[in-house]
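Colleague: I should be grateful for a close look at a single part of this structure. Please choose one strand and explain its surroundings in a way that a first-year student could follow.

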Amino acid sequence: MYSVGIKSRFSAAHSLSGHPGECSRLHGHTWMVEAVFAAEETPGSGMVVDFSDAARVLERAIEPFDHTYLNEVEPFDDLPPTAENVAKTVFAQLESIAASESLQVGLMSVTVWESPEAWASYTP
């Protein structure tokens with residue numbers, strides 16, 4: 001199995017209603033997002049996915065969240081904007097965008113960091 005990853009970042013604020021600590025208050029992060037693509041074999045190109053294609057679809061997936069208050073952006077207007085939910089949402093966005101662009105690659109996981117020390121990952 002081959003896997004390749006690409007990282008990007010976006011800035012956004014959120015608050016976690018009902019959280020017993022400071023996270024219940026409005027605060028912001030520079031969210032780092034890593035997408036990992038995988039394939040059992042590489043096609044004739046020798047690549048799982050071209051890094052520029054992977055970067056483009058990742059940028060498209062996170063662009064709606066950049067410089068926003070996540071609690072007011074779909075799906076986080078109904079879903080708590082936790083790192084776990086951001087990872088799962090970006091995963092779904094990436095799959096949809098890759099399919100719409102006929103990008104023939106499997107998505108393995110998405111990991112989201114709220115800080116250099118704290119992350120959440122989604123793998124279906």
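The answer below takes strand E4 as its subject and then turns to the parts around it.

Modeller: Please keep in mind that this is a predicted model. Strand E4 covers residues 106-115, and a useful starting point is its place in the sheet. The sheet is open and has five strands, in the order E3-E1-E2-E4-E5, with mixed pairing. Its edge strands are E3 and E5, each of which pairs on one side only. In that order E4 stands between E2 and E5.

Let us take the two neighbours in turn. Towards E2, which spans residues 27-39, the pairing is antiparallel and consists of seven bridges. One of the residue pairs here is Phe-37 with Leu-107, the latter being the bridge partner in E4. Towards E5, residues 118-122, the pairing is again antiparallel, this time over five bridges. The chain passes from E4 to E5 through a hairpin of two residues. Two pairs illustrate this side: Val-110 stands opposite Tyr-122, and Thr-111 stands opposite Ser-121.

How much of E4 is covered? Seven of its ten residues are buried, and the strand is thus mostly covered. Part of that cover involves helix H2, residues 83-100. H2 lies across E1, E2, E4 and E5, and runs at about 145° to E4. The other helix, H1, also packs on the sheet, where it touches E1 and E2. The direction of H1 makes about 25° with that of E1.

Val-110 gives a detailed view of these surroundings. Apart from neighbours within four places in sequence, Val-110 is in contact with Val-33, Glu-34 and Ala-35, with Ala-87, Val-90, Phe-91 and Leu-94, and with Ala-120, Ser-121 and Tyr-122. Val-110 is also among the residues with the most contacts inside the largest nonpolar core, along with Phe-10, Phe-37, Val-90 and Leu-94. That core has 33 residues. At least two of them come from each of E1, E2, H1, H2 and E4. H2 gives the most, with eight residues. A general tendency is relevant here: in soluble globular proteins, nonpolar side chains tend to be buried together.

From E4 we may move to E2 by way of His-29, a residue of that strand. Is His-29 buried or exposed? His-29 counts as buried because its relative accessible area is 17%, and the cut-off for buried is under 20%. Beyond residues up to four places away in sequence, His-29 touches Phe-10, Ser-11, Ala-12, His-14 and Glu-114. With one of these, His-14, there is a polar contact between the two side chains, at 3.1 Å.

His-14 leads on to the loops. Glu-72 is 58 residues from His-14 in sequence, yet the two C-alpha atoms are 8.9 Å apart in space. Glu-72 belongs to the loop between E3 and H2, and its relative accessibility of 62% is why it counts as exposed. Pro-75 is found in that loop between E3 and H2 as well. Glu-74 and Pro-75 are joined by a cis peptide bond, with omega at about 0°.

The loop between E1 and E2 contains Ser-15. In contrast to an exposed residue, Ser-15 is buried, with a relative accessible area of 11%. Its side chain makes a polar contact with the side chain of Tyr-69, at 2.8 Å. Setting aside neighbours within four places in sequence, Ser-15 has Cys-23, Ser-24, Arg-25, Leu-26, Tyr-69, Asn-71 and Pro-81 in contact.

Finally, the loop that precedes E4 deserves attention. Ser-102 lies there, between H2 and E4. Although Ser-102 is not a glycine, its phi is positive, at about 55°. Ser-102 counts as exposed because its relative accessibility is 54%, and exposed requires over 50%. His-67, in the loop between H1 and E3, likewise has a positive phi of about 55° without being a glycine. His-67 also counts as exposed, at 65% relative accessibility.

To return to the strand itself: E4 pairs with E2 over seven bridges and with E5 over five, while H2 lies across it.

Conventions:
Residues are numbered from 1 along each chain as its sequence is written. This is a predicted model: local features need pLDDT of at least 70, side-chain atom pairs count only at pLDDT 80 or more; totals for chains, interfaces and linings use all residues. Side-chain values use heavy atoms; hydrogens and water are left out. Helices (H or I, at least four residues) and strands (E, at least two) are DSSP runs, numbered from the N terminus. Buried means under 20% relative accessible area, exposed over 50%, partly exposed in between (1.4 Å probe, protein chains only). A nonpolar core is a set of buried Ala, Val, Leu, Ile, Met, Phe, Trp, Tyr and Cys residues joined through side-chain atoms within 4.5 Å. Contact means heavy atoms within 4.5 Å. Two strands pair if DSSP finds at least two bridges between them. A polar contact is a pair of N or O atoms within 3.5 Å; within protein, one must be able to donate a hydrogen and the other to accept it, and residues adjacent in sequence count only if both atoms are side-chain atoms. Axes are lines fitted to C-alpha atoms, for helices over the stretch in contact, and angles run from 0 to 180 degrees between N-to-C directions.
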